[in-house]
Amino acid sequence: MSPTLSLTLRIWRQQQPGAPGRFETHQLEQVSADLSLLEALDWLNERLIAAGERPVTFEHDCREGICGSCGFLVNGQAHGPQAATSVCQLYLRRFRDGEVLVLEPWRARAFPLLQDLSVDRSALDRVWAAGGYCSVNTGQAPEANALLVGREQAASAFDTATCIGCGACVASCRNASASLFVAAKLAHLGQLPQGQSERQRRALAMTERMAAEGFGSCSNQLECEAVCPKQISADWISWMNRELRR
Amino acid sequence: MNATGSAGGATRHDPRGPTGPLAGAWQRHRQDLPLISAAQKRQLRVLVVGSGLAGASAAASLAEQGYMVSLVTYHDSPRRAHSVAAQGGINAAKNYANDGDSVTRLFRDTVKGGDFRAREAGCFRLAELSTAIIDQCVAQGVPFAREYGGTLANRSFGGTLVSRTFYARGQTGQQLLYGAVQALLRQVEAGRIDLLPRRDLVELVLVDGVARGVVCRHLVSGELETYTANAVVLASGGYANVYFLSTNAVKSNVSALWRAYRKGADFANPCFTQIHPTCIPSGDAYQSKLTLMSESLRNDGRVWLPALPADGREPQAIPEHERDYFLERQYPTYGNMVPRDLASRRSREQCLAGHGVGPGGRSVYLDLAEAIARDGKAAIEARYGNLLEMYERITGQDPLVTPLRIYPAPHYTMGGLWVDYHLMSTVPGLFVLGEANFSEHGANRLGASALMQGLADGYFIAPATITAWLAGQPQPEVGPDHPACRQARAEAEARIAALLAPRGAPRTPRPVAGWHRQLGQLMIDACGISRHGPRLERAIAEVEDLRQAFAEEGGVADLGACHESAAPGAGRGINAELEKALRLQDYFGLADLMLRDALARQESCGAHFRQEYQSAAGEAQRDDVRFGHIAAWQWRPQGAPQRQVEPLQFNEITPSQRDYR
């Protein structure tokens, strides 16, 4: 039998955008420490449903830290206290028995709230669509090994390409900036030979769209790097700023 | 039931395969397909369901050709489709390793790996297209692993003798998906793709028997919406979540396929489901999913269990001579590296015999101790760093100190909607791509082949064959107000209303997940790694009882009633329970069909193991005479579904029995 613990959850409940919201307190009594925080919310929701109450809405899908669906603040920290971890991979054994966890949605103008812990992050896709690609149609590709890319260079491009688009960087920034998200995409393609011909246009288009969608400027506080589940370095934001002056 | 079914499907299940030699057959076939002018393409719309590798690549490629495209996905962003979670890699017959690989070898491996239950022509085309996929992905900027000289790196995978797997660390699926999604977003920006996220398909629209649209439920507003098109593409993934616990994302579902099945798209080989041997086992009852640990760990890990049944000691306290390295004992040649199906089956057997460890005795040890002693801790950490970290995060145990505990878990479904060589189902105008169709993996899929198939279907095959279909097809105007659309919408509305309406006496609402868990238990027990006739028959009745109980007692609260912004009507507003209930209804139907398919297939092949059909040594016994065919099930409004067969012919490769001892 795995160890159990009890927790107090203070969860932001809000029916819809514009409606008043409030914190609701729920006790988790003697739940398995082997549950993830999302599974603890499943546990709570099953009890709410059985009691005829509305379950807590939160985003989730793969539950292995790669799809980027999940994300909310745990005691003020995006994705909670564990480094390099999205909230679906946060297990209750990380917490002390009797601890109080405050769960809140991402707060950013560009991420309108939908319900409870769920927000609309489609602005990130619109920023991506502004130019985050190589313009090559299916069937136009040359032989793959005709293009040589150094091992280190490819690995560095990969590191920036691992961004899962969860929005934690935005949620943790006091300016709600998407700089780390945009920088990661620009650095992914800008470091590869395939991305060179559109490099400048891409940087301008994506940063302009970022501002138009209501994201702020970089706050230079590096909170984004601290909460990023894929540990993407904020140095890439400096890289992006140089990119804009090329 | 007639064991082998009726062979009357000659016209209904005409594979429309190519003629002449297999090599170059697809190119020759393609040259004769009709074309459409660019101007005409702008007048035609294709609706794609699903934004994974197959859906995103098809949508992008069709839009590039000039078609108007609508893309429906239940995710908030196309980037989240479950292709994103594929770890290992993608196969291609590039022969960059200069180790003798070729299109023919990849073709042979695929047909053999599938245990001779897939079409030769389809497998050959897949192997031929594999190289162009790598070219395409590299051009998009997919950051594959490289050698120091700058060329692409390869590794070997899943017991093949050549290195043909391209990879991006342990996140190949993520990187390939982002490549396809970038191509997709480029077309969204160009105005050729309408992106329709946060929508569940709840009904397919047929006009005069031809697929012309879908009815969706918007997952935020709860409104039903109708979208029409000139052709419909389903790329909605697999159905391993019928088992409740699987390695799939928790919202992955069969509903798009099931709605199409009920409208006439036959379901092929539904019982062919792959159970992956190395997953983190289930523990608590509230565990929501199983996480895959890459198969590569078996390269360095030894699988063992205590020789004594019900041995309660910690693994470190069990001396060497009281350990049973059962895979090495049973398969001296391949040992821990036997194919997925054998490793899964043998692990389960040992657990059932009382040797299993962990909660409920449902796991086996995968021990890295010997590899650590041989190569050092640092080397093992470097090789499997990410995986070991993930294991520790989930279980709280350090696999460098304590052996990993693993157990098989449902992972991939080879079965799916029946399609011909053009990837068209038995519903004209309905194309099915990727894991959603049944095509090239036969009874067992090889590692690193799923990504290859999804992208071959989406980038190269469907864009050619959909054009061929549209070229020959009169296109009567169909809008959302067409009677067929209104009828489909009314059907969906009635289904939702029935789930929300209180039935019978006041009852305690029971969460949908509880019902699903119960169905999953039943299915993994009766139709999982090992199957047996009498148990399958019993399970058919049990699924029916459960389905009826849900119909009578199950239901969900109508949350929309209190949602101010939503128009009045049943099921408005965000309602995750309603989403689950709609999906569960379709799983009940699918579970019944899987059991019937497993019962009718009186042989063991690939991942389908029937206890009655095994050799004295406990190996699977295929029956090519009676079952060398694809089983395609046709839905009937009344009575049991009808099993029809498409015979398989092997001209290039002679079917042989596998032997890994």
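What share of the contacts in chain A with a separation of 6 or more is accounted for by residues 24 or more positions apart? In this predicted model, the share is 69%.

**Figure 1. Overview of chain A in the predicted model.** Chain A contains eight helices and seven strands. Along the principal axes, its C-alpha atoms fill a box of roughly 60 × 45 × 35 Å. Of the 246 residues in chain A, 53% are buried.

**Figure 2. Confidence in chain B and in the complex.** The mean pLDDT of chain B is 93, and 96% of its residues reach 70 or more. Two stretches of chain B have a pLDDT below 50: residues 1-9 and residues 561-566. Beyond near neighbours in sequence, residues 1-9 have 18 contacts in the model, and residues 561-566 have 12. For the complex, the predictor gives an ipTM of 0.98 and a pTM of 0.97.

**Figure 3. The contact between chain A and chain B.** Each side is formed by 67 residues, from chain B and from chain A respectively. On the side of chain B that touches chain A, at least two residues are supplied by each of helix 3 (53-65), helix 5 (120-140), helix 6 (172-189), helix 11 (377-395) and helix 16 of chain B. Helix 6 of chain B gives the largest share of this side, nine residues. Sorted by class, the side of chain B that touches chain A has 30 nonpolar, 21 polar and 16 charged residues.

**Figure 4. The four-stranded open sheet of chain B and helix 16.** The strands of chain B stand in the order 16-10-18-19, with antiparallel pairing. Strand 16 (416-417) and strand 19 (642-647) of chain B are the edge strands, each pairing on one side only. Strand 18 (residues 629-634) of chain B runs antiparallel to strand 19 of chain B and is joined to it by six bridges. Within this pair, I630(B) stands opposite E646(B). Helix 16 (residues 576-600) of chain B lies across strand 10 (267-268), strand 18 and strand 19 of chain B, at about 145 degrees to strand 18 of chain B.

**Figure 5. The five-stranded open sheet of chain B and helix 9.** The pairing is antiparallel, and the strand order is 11-15-14-12-13. Strand 11 (273-279) and strand 13 (323-324) of chain B each have a single partner strand, so one side of each is left without a neighbour in the sheet. Five bridges connect strand 11 of chain B with strand 15 (residues 404-413) of chain B, and I275(B) stands opposite P410(B) in strand 15 of chain B. Helix 9 (residues 340-352) of chain B packs on the sheet, touching strand 11, strand 12 (302-306), strand 14 (364-367) and strand 15 of chain B. The direction of helix 9 makes about 70 degrees with that of strand 11 of chain B.

**Figure 6. Strands 1 and 2 of chain B.** Strand 1 (residues 45-49) and strand 2 of chain B run parallel and are joined by five bridges. One bridge partnership links V46(B) to V69(B) in strand 2 of chain B. Strand 2 (residues 68-72) of chain B is mostly covered, with four of its five residues buried.

**Figure 7. The largest nonpolar core.** In soluble globular proteins, nonpolar side chains tend to be buried together. The largest nonpolar core here has 282 residues, and those with the most contacts inside it are V170(A), A59(B), V214(B), V233(B), L234(B) and L417(B). Helix 16 of chain B provides the largest share of this core, 14 residues. Leaving aside neighbours within four places in sequence, the contacts of V214(B) include L47(B), V49(B), V72(B), L201(B) and Y227(B).

Note on methods. Residues are numbered from 1 along each chain as its sequence is written. Chains are lettered from A and ligands numbered from 1 in the order in which they are written. This is a predicted model: local features need pLDDT of at least 70, side-chain atom pairs count only at pLDDT 80 or more; totals for chains, interfaces and linings use all residues. Two strands pair if DSSP finds at least two bridges between them. Two residues are in contact if their C-beta atoms, placed from the backbone, lie within 7 Å. Axes are lines fitted to C-alpha atoms, for helices over the stretch in contact, and angles run from 0 to 180 degrees between N-to-C directions. A nonpolar core is a set of buried Ala, Val, Leu, Ile, Met, Phe, Trp, Tyr and Cys residues joined through C-beta atoms within 7 Å. A residue is buried if 20 or more other C-beta atoms lie within 10 Å of its own, exposed if 12 or fewer, and partly exposed in between; C-beta atoms are placed from the backbone. Ala, Val, Leu, Ile, Met, Phe, Trp, Tyr, Cys and Pro count as nonpolar, Asp, Glu, Lys and Arg as charged, and the others, Gly among them, as polar. pLDDT is the predictor's confidence in each residue, from 0 to 100.
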